[in-house]
Amino acid sequence: MKQSVIRQDVSRASVPVVFEDEAVLVVDKPAGLVCHSASRPEHDSLAQWLRRYGVETPRLVHRLDRETSGLVLVAKNMPVARVLARQMHQRQIQREYLAIVWGEPSFHRMVVDQPIGLADHALVYTRRVVRPDGQPARTTIEVAERLCGFTVVRLRPHTGRAHQLRVHMQWLGHPIVGDKIYGPDERWYLEFIRNGVTPEMLEQLLLPRQALHASRLTFCHPVRQQPITLEAPPPADLSAFIAAHRQARAPVSPVC
């Protein structure tokens with residue numbers, strides 16, 4: 001089920017509309033666009049874009065990190081928001097992410113059931129880790145494609161902890177490519193805050209943003225009571241990375 005609605009001159013950011021009707025809107029958020037920017041109102045945000053688009057009181061049913069691209073579900077009014085919030089609370093909304101991670105996992109499919117909490121003495125105060133006294137967190141991980149030195153995985157969160165997918169992949173020893181907090185060194189995040197993306201950072205992280213994309217979304221329509229499944233292919237930056245390292249895996253050199 002898919003319906004696209006195009007409106008002209010609505011935003012400085014390009015935000016594709018994947019589905020829209022009188023009750024809900026699903027957009028494919030680009031990487032680099034925050035969902036809300038209350039602390040920095042001068043910055044553009046998805047919420048601001050939605051208002052310019054014509055949704056007077058947009059209610060984001062869930063959010064994505066600024067650097068994560070992909071599908072975001074939006075309620076157009078409060079009654080619809082309540083129904084979808086109930087679905088989210090009861091874990092009836094299913095989300096699937098595509099990620100590129102370092103290394104090649106020894107497994108094809110795994111369920112990580114490890115609690116997550118704030119890290120002690122971290123340089124980045126929002127950094128989380130797997131810890132026994134953390135909040136329950138569960139993620140299903142499935143290998144989609146093995147590249148040369150990297151792996152494309154599908155991630156299905158069963159809980160909604162902050163940074164859950166990034167933390168679980170780091171805990172497994174396969175952090176997400178481009179992750180400034182959970183990658184090689186969290187100091188890269190502090191460098192990014194001061195100076196943006198630098199050549200030295202790209203040399204270490206390989207991508208200017210974390211290679212995480214919300215690729216699939218399933219929910220029950222709050223009015224029609226019909227299941228809706230929507231998909232968004234990986235954007236150009238992730239597709240190009242995958243293609244380059246897919247070619248590298250070809251039997252050209254014995255190194256791979």
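The expected span of a helix is 1.5 Å times one less than its number of residues, and helices here are DSSP runs of H or I with at least four residues, while strands are E runs of at least two, both numbered from the N terminus. By that yardstick, the 12 residues of α2 should span 16 Å, and the end C-alpha atoms of α2 are indeed 16 Å apart, which agrees.

What you're looking at is a predicted model, where local features need pLDDT of at least 70, side-chain atom pairs count only at pLDDT 80 or more, and totals for chains, interfaces and linings use all residues. Residues are numbered from 1 along each chain as its sequence is written, and side-chain values use heavy atoms, with hydrogens and water left out.

**The overall picture**

- The protein chain has six helices and 12 strands.
- Of its 256 residues, 48% are buried, where buried means under 20% relative accessible area, exposed means over 50%, and partly exposed is in between (1.4 Å probe, protein chains only).
- Take the contacts in the protein chain with a separation of 6 or more: 63% of them come from residues 24 or more positions apart. A contact here means heavy atoms within 4.5 Å.

**Helix α1**

- Helix α1 covers residues 46–53, and its buried residues are Leu46, Ala47, Trp49, Leu50 and Tyr53.
- Look down the axis of α1 and those buried residues fall within an arc of 160 degrees, so they line one face of the helix. That arc is taken from the directions from the helix axis to the C-beta atoms.
- As background, an α-helix has 3.6 residues a turn, so residues three or four places apart point the same way.
- The buried residues of α1 pack against four strands: β1 (17–20), β2 (24–29), β3 (59–60) and β4 (69–75).
- Just after α1 comes Gly54, with a positive phi of about 130 degrees.

**Helix α2**

- In α2, the buried residues are Val80, Ala81, Leu84 and Gln87.
- Seen down the axis of α2, these buried residues fall within an arc of 120 degrees, so they too line one face of their helix.
- Turned away from that buried side is a face carrying the exposed residues Pro79, Arg82 and His89.
- The cover over the buried residues of α2 includes β2, β3, β4 and β11 (212–220).
- At the start of α2, a side-chain oxygen of Asn77 comes to within 2.9 Å of the backbone nitrogen of Val80.
- After α2 you'll find Arg91, whose phi is positive, near 60 degrees.

**A closer look at Met88**

- Met88 sits in helix α2, which runs over residues 78–89, and is partly exposed, with a relative accessible area of 22%.
- Setting aside neighbours within four places in sequence, Met88 is in contact with Val61, His62, Ile93 and Arg95.
- One of those partners, His62, is 26 residues from Met88 along the chain, and their C-alpha atoms are separated by 8.3 Å.

**Salt bridges**

- There are 19 salt bridges in the structure, each one a side-chain nitrogen of Lys or Arg within 4 Å of a carboxyl oxygen of Asp or Glu.
- Arg52 and Asp44 form one of them, at 2.8 Å from N to O. Arg52 is partly exposed at 35% relative accessible area, whereas Asp44 is buried at 17%.
- Asp65 and Arg166 form another, at 3.0 Å from N to O. Asp65 lies in the loop between β3 and β4 and Arg166 in helix α3 (residues 164–171), so the pair ties together parts that are 101 residues apart in sequence.
- In that pair, Asp65 is partly exposed, at 29% relative accessible area, while Arg166 is buried, at 6%.
- Arg156 pairs with Glu142, with their closest N and O atoms 3.3 Å apart. Arg156 is in strand β10 (residues 150–157) and Glu142 in strand β9 (residues 138–146), so this bridge links parts 14 residues apart in sequence.
- Salt bridges that share partners join Glu96, Glu142, Arg154 and Arg156 into one network.

**Cysteines**

- Counting a disulfide as a pair of cysteine sulfur atoms within 2.5 Å, the total is zero.
- Cys35 is buried, at 5% relative accessibility, and Cys220 is partly exposed, at 24%.

Key: Polar contact = N/O pair within 3.5 Å; in protein donor to acceptor, adjacent residues only side chain to side chain.
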